[in-house]
Amino acid sequence: MRRALALGLGLALGLALALAPRGAGGCGPGRVVGSRRRAPRRLVPLAYKQFSPNVPEKTLGASGRAEGKVARQGERFAELTPNYNPDIVFKDEENTGADRLMTQRCKDRLNALAISVMNQWPGVKLRVTEGWDEDGHHSEESLHYEGRAVDITTSDRDRNKYGMLARLAVEAGFDWVYYESKAHIHCSVKSEHSAAAKTGGCFPAEALATLEDGARTPVRALRPGQRVLAMDTRGQATYSEVVAFLDKAAAAQPVFHVLETWDPPRRLALTPSHLLFVADNATVPASHFRATFASRVRLGQYVLVAGLGQGLQPARVETVSVRTDVGAYAPLTRHGTLVVDGIVASCFALVEEQALAQLAFWPLRLYHGLVGASYGQPEGLHWYSGLLYHLGRLLLPPESFHPLGTAPLHS
């Protein structure tokens, strides 16, 4: 059924592609240098009453100005989304579910922070004591009224952890973090309407792809028509032509999930809803590694990495973390896969089916095959990817999509 839907989407968009102008027209940071494992960066807890960045909350360098209260019956209420992440404890003292409501940007940062908390303190969860406020309990221009702020603690309410909790919130990508009280940490984000809040793409600017001549180049520098190391449907290494960029956002600072293997040493970061290939043990053939969301990869699972001679081999995931990085780029190849920073990843995201996404994007590959490489592609989301996403939302059930994000199909 889903294959039929994907084919229908492709056919529906094929005509649009034929009529589109030629000029119209997904992945994480971290690279391994040398053969030794990179030492983890030491995190310094925030001091009581310290905030980061060191500017007022409602300035451009932090979360930006308030835009007005969001009322439950108002037009902007649709901008809020509930957070049902089981790894987060919501206090919800009003018993209305208000603390679960927040903007998508706030939700993404909070979900990333929840992972960091569990990694930092096994058995401890992130706890939200205050989210969206509809009852007027805060100052007049508080970002709580817009679902752009949360007050947080750890589930064990150990105040000795709060300084480090604040630092983890900074690392998770909150736009402003304040060790406001001995009883909680205050975090906030930019408005969804702010250009700075848009985070397309899947790989950061400096993530490395491997060209056919063996040279490694940042994904930001890739050009349509170049051939990069990828994986074919048999699970074999191949070189695949870059068709286009599904997204380009040089100034974006998304939150990435960072996966690290030690033998051989590789490190890849990619957006939470992005697909890569995993297996539960090293004996599974490469062709049987399944595509799954980056946010679902767990310690002890295996990913496919490029070994000596650019052949593919399984490697055990030893660490999983989150961080922000600069730039967001989503190249599409003819095979729908590529090797970035030594690890095999998909070109797709949001829907957990590699074959479905590959089928849905065939008109775009066909179009570029007929008209040739398109250079000078402008920044922003490729129109085909955006249109395919909106059609998918209409035709596929909600549970088909990644639960923690709403980015288009490539990221």
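**Exercise 1. Which residues do ring pairs link into a cluster with Trp176?**

Step 1. Start with the rule: rings of Phe, Tyr and Trp (its six-membered ring) pair if their centres lie within 6.5 Å, with planes under 30 degrees apart counting as stacked, over 60 as edge-to-face and the rest as tilted.

Step 2. Ring pairs put Phe51, Trp176 and Tyr178 into a cluster. This is a predicted model, where local features need pLDDT of at least 70 and side-chain atom pairs count only at pLDDT 80 or more, while totals for chains, interfaces and linings use all residues. Residues are numbered from 1 along each chain as its sequence is written, and side-chain values use heavy atoms, with hydrogens and water left out.

Step 3. The count of aromatic pairs comes to 7. Take Phe51 and Trp176: their ring centres are 5.4 Å apart and the planes meet at 35°, so this pair is tilted.

Step 4. Now place the two residues. Helices (H or I, at least four residues) and strands (E, at least two) are DSSP runs, numbered from the N terminus. Phe51 belongs to strand S1 (residues 51-52) and Trp176 to strand S7 (residues 176-181), so the pair ties together parts 125 residues apart in sequence.

Step 5. Check how open they are. Buried means under 20% relative accessible area, exposed over 50%, and partly exposed in between (1.4 Å probe, protein chains only). Phe51 is partly exposed at 28%, whereas Trp176 is buried at 6%.

**Exercise 2. Is the aromatic pair of Phe348 and Phe361 stacked or edge-to-face?**

Step 1. Look at the geometry: 5.2 Å from centre to centre and 20° between the planes, which makes the pair stacked.

Step 2. Find the addresses. Phe348 sits in strand S21 (residues 343-349) and Phe361 in the loop between helix H4 (354-360) and helix H5 (362-371), so parts 13 residues apart in sequence are tied together.

Step 3. Phe348 is buried at 0% relative accessibility, and Phe361 is also buried, at 0%.

**Exercise 3. Over which ring does the charged end of Lys69 sit?**

Step 1. The rule is that NZ of Lys or CZ of Arg must be within 6 Å of the ring centre and within 35 degrees of the ring normal.

Step 2. Lys69 has its charged end over the ring of Tyr145, 4.4 Å from the centre. Another case is Lys182, over the face of Tyr48 at 4.6 Å from the ring centre.

**Exercise 4. How many salt bridges are there, and which residues does Arg220 and Glu241 each meet?**

Step 1. A salt bridge is a side-chain nitrogen of Lys or Arg within 4 Å of a carboxyl oxygen of Asp or Glu. By that rule there are 17 salt bridges.

Step 2. Arg220 bridges to Glu206, with the closest N and O atoms 2.7 Å apart. Arg220 is in the loop between strand S10 (216-218) and strand S11 (227-231), and Glu206 is in the loop between strand S8 (184-188) and strand S9 (208-210), 14 residues apart. Arg220 is partly exposed at 37%, and Glu206 is partly exposed at 37%.

Step 3. Glu241 meets Arg334 at 3.2 Å, N to O. Here the link joins strand S12 (residues 237-249) to the loop between strand S19 (328-333) and strand S20 (337-340), 93 residues apart.

Step 4. Glu260 and Arg267 form a salt bridge too, with 3.3 Å between the closest N and O atoms; Glu260 and Arg267 are both buried. Shared partners also join Arg76, Glu79, Glu146 and Arg148 into one network of salt bridges.

**Exercise 5. In what order do the 6 strands of the open sheet stand?**

Step 1. Two strands pair if DSSP finds at least two bridges between them.

Step 2. The order is S1-S7-S8-S6-S5-S3, with mixed pairing. S1 and strand S3 (88-90) are at the edges with a single partner strand each, so one side of each has no neighbour in the sheet.

Step 3. S1 and S7 run antiparallel and are joined by 2 bridges. The bridge partner of Ser52 in S7 is Val177.

**Exercise 6. Where is the peptide bond from Ser52 cis, and what is phi of Lys49?**

Step 1. Most residues other than glycine have a negative phi, and most peptide bonds are trans.

Step 2. The bond from Ser52 to Pro53 is cis, with omega near 0°. Pro53 lies in the loop between S1 and strand S2 (81-82).

Step 3. Lys49 has a positive phi, near 75°. Lys49 is in the loop between helix H1 (2-19) and S1.
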